[in-house]
Amino acid sequence: MNSLGVVRRLMLLIVVAGLFQIPNAALASTTNDSTSSSEGSLAVIQKNGVLKVGVAVNAPWVFRDSNGQWSGLEIDLLRQLAQDMGWKLDLVPASWQNSIEDLRAHHFDMLASGLSITPQRALLLKFSRPYGDYALGMVVNRQTIGMDDATKLQSGSSHTIGVLSGTVTAATTKEYFGQSKVVEIHDEIQAIKDVRAGKLDGFMAEEPVPTALAKTYPDQLRTLEVQTYGRTAHGFAVRRNDGDLLDVINAWLTYQQASGWLRSREDFWIHHPDWVQLTQ
């Protein structure tokens, strides 16, 4: 790796270390995790036979298809987990802005949203072992970006780059492309439509999103090479005092990883662009 690559890697480590600085108020609000009943979540789930999972849209991990049904890699995993454990699955719609606090407030037992694992988030919740890691990517509108490359975007331009609000990707985008106009968005599906229409010049997201969009709409979109800016690891999340539930989730992930089933679902969702059409 050349010296510039080393510097970029060191910069990325510094950026990631500073991601998601938790407000003092959030750190102080520890009562959310301490107000649970005397029974842990796993005991309640076993007694009621229902696993409540908060889900926030982040395709292809979690999204609603064209029929309004929940779909995606993590949805497949959740359904299989519930089936294997003999639980009924209750999917609770959540937003990226409030999902962590909603988990801590006992609105659901588990959080699934293509959530990147960071040490700052670990102050507020517990992560499962990662089930996959993904490089960052950017898809751009061919007409509005033209032949501009990532270096020109870094140095500043009039172009507008969209990124999903509240994510690791958002913080990284602001760090590397902050000289351009970076817009945090709350609706990923609308952002895909906007970059196709040229309302957004580019869209920064974790792979496979940029590559899948460019393959699906080659006349409108193409990718820029930005994978050197880092990777993120995804996992499920539970409250910090729900270690027993986390043990079950981790054991299930290990079991399905060894069986090959988890890899087959990841291949289906991550390595093929067919899911894009399901979002339309």
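**Entry 1: H107**

I looked up the contacts of H107 in this predicted model. Leaving aside residues up to four places away in sequence, I found that H107 touches K52 and D102. I then placed H107 in the chain: the residue sits in the loop that runs between α6 (99–104) and β5 (110–112). For its accessibility I noted a relative value of 40%; since partly exposed covers the range between 20% and 50%, H107 counts as partly exposed. I also checked V53, which is 54 residues from H107 in sequence, with a C-alpha to C-alpha distance of 8.8 Å.

**Entry 2: α5 and α13**

I turned to the packing of helix α5 (residues 73–85) on α13, where the axes lie 9 Å apart at an angle of about 155°. Angles over 145 degrees count as roughly antiparallel, and α5 and α13 are therefore roughly antiparallel to each other. I recorded the crossing of α5 past α13 as right-handed. On the α5 side I listed L73, D76, L77 and Q80, and on the α13 side W261, L262, R265, E266, W269 and I270. Sorted by class, this contact has six nonpolar, one polar and three charged residues.

**Entry 3: α12 and α13**

I next examined helix α12 (residues 243–259) against helix α13 (residues 261–270); their axes come within 4 Å and cross at roughly 80°. Because 65 to 115 degrees counts as roughly perpendicular, I entered α12 and α13 as roughly perpendicular to each other. The contact involves W252, L253, Q256, Q257 and S259 from α12, together with W261, L262 and R263 from α13. By class I noted four nonpolar, three polar and one charged residues in the contact of α12 with α13.

Key
Residues numbered from 1 in each chain as written. Predicted model: local features only at pLDDT ≥ 70, side-chain atom pairs only at ≥ 80, totals over all residues. Heavy atoms only, no water. Axes fitted to C-alpha atoms, helices over the stretch in contact; angles between N-to-C directions. Helix = DSSP H or I, 4+ residues; strand = E, 2+ residues; numbered from the N terminus. Parallel < 35°, antiparallel > 145°, perpendicular 65-115°, else oblique. Contact = heavy atoms within 4.5 Å. Nonpolar A, V, L, I, M, F, W, Y, C, P; charged D, E, K, R; others polar. Buried < 20%, exposed > 50% of the residue type's maximum accessible area, 1.4 Å probe, protein only. Left-handed = near helix turned anticlockwise from the far one by under 90°.
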